[in-house]
Amino acid sequence: MAKKVIITAAVTGAVHIPSMSEYLPDTPEDIINEAVAANKAGAAVVHLHARDPKDGRPSSDPKLMKQITDGVRERCNVVIGITTGGAIGMNIEERLASVPICKAELASCNAGSVNFCFSPIADKIKNPKYEWEIPFVKNTYTVPFANTFKDIEDYVRVMGENGTKPEFEIYEVGMLSNIAYFVKKGMIKSPVYLQFVLGIMGGLPATVDNLLFLYNTAQKVLGDNFVWSCAAAGKDQFDITTVAMLLGGNMRVGLEDNLYISKGVLAKSNAEPVAKVVDIIKLMGRAVATPDEARETLGLE
Ligand code: KMH
Ligand code: ZN
């Protein structure tokens, strides 16, 4: 029987800016409330970034991340995953700073370098709410999202020292070979956890062909011992994550990846897209994993 579907809610991220949606959470309280509500709606896992409560700018401050993870932990049993992707322009020290402090069960581990670009957002925002927003998105046209082999090794090592399992974010097919290298070195505990992130500018577009290419290649280079999930940026989020679910994968939704619940309609919370995929999963005769079932599937301690 197919395993139950793990829903991850990616609550706020570091791509969308406050001017794009009033519903994008930015203070620790809002992020905690959104994570707890997403769990209540059916998310077994939350993927968390911190933002500066003053102006919503992405933040690597471990005190903020600790406040957020402690706040979520106090209120529900959801599996907590923190980002080590941070935001474009952060260095490796900033991106890793929260790992030893939060000791989360999961952390994202970006599996290779990519031109993670979202500068076209600048053309759509006529009256930005904050002065940092337009320079921040424009900066991604010139600055790559660097994740060298040495960086990945450091991320995996520090996570291992802190009881945190890497969730490999994959934007391009070659990144699967990068992961295979570290598996061969014995640095990754099984099962390997993969998050296919499709649809970012600079990475693989969100198409069924590309999803199948990633899934088939993962089987070739990693064998059968991996668990996988799919995220898709923007308008393709629900279509592509549904295809992933039908192929036996897990689903990531949330305002980090897509601000809309349907064409032209902003999602008012992270619980909304989670509830939508819960309905899809159930309509297709499948079941939604609880946090403890997700822990078992992912081999979390
Ligand atoms: N902020 C993006 C550049 C992650 O959380 O690891 C990458 C990102 C992935 O959000
Ligand atoms: Zn993220």
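This is a short conversation about two ligands in a predicted model.

User: Why is His47 called buried?

Analyst: Its relative accessibility is 3%. Buried means under 20%. So His47 counts as buried.

User: What about His49: buried or exposed?

Analyst: His49 has 5% relative accessibility. That value is also under 20%, so His49 is buried.

User: What makes His47, His49 and Glu256 donors of the zinc ion (ligand 2)?

Analyst: Donors are N, O and S atoms within 2.8 Å of the metal. Here the atoms are NE2 of His47, NE2 of His49 and OE of Glu256, at 2.1 to 2.2 Å. These atoms therefore qualify as donors.

User: How are the donor residues spaced in sequence?

Analyst: The spacing is H-x1-H-x206-E.

User: How do you know that Thr83 makes a polar contact with ligand 1?

Analyst: A polar contact is a pair of N or O atoms within 3.5 Å. An oxygen atom of ligand 1 lies 2.6 Å from an N or O atom in the Thr83 side chain. So the pair counts.

User: Which distances apply to the side chains of Asn110 and Glu256?

Analyst: For Asn110 it is 2.8 Å to an oxygen atom of ligand 1. For Glu256 it is 3.0 Å. Both pairs are within 3.5 Å, so both are polar contacts. Taken alone, ligand 1 exposes 300 Å², and the protein buries 98% of that.

User: What surrounds ligand 1?

Analyst: There are 13 residues around ligand 1, with Gly86 and Ser108 among the closest. The shell divides into five nonpolar, seven polar and one charged.

Terms used:
Residues numbered from 1 in each chain as written. Chains lettered and ligands numbered in written order. Predicted model: local features only at pLDDT ≥ 70, side-chain atom pairs only at ≥ 80, totals over all residues. Heavy atoms only, no water. Near = heavy atom within 4 Å. Polar contact = N/O pair within 3.5 Å; in protein donor to acceptor, adjacent residues only side chain to side chain. Areas by Shrake-Rupley, 256 points an atom, 1.4 Å probe, with all protein chains shown as cover. Nonpolar A, V, L, I, M, F, W, Y, C, P; charged D, E, K, R; others polar. Donors = N, O, S within 2.8 Å, 3.2 Å for Na, K, Ca; no water. Buried < 20%, exposed > 50% of the residue type's maximum accessible area, 1.4 Å probe, protein only.
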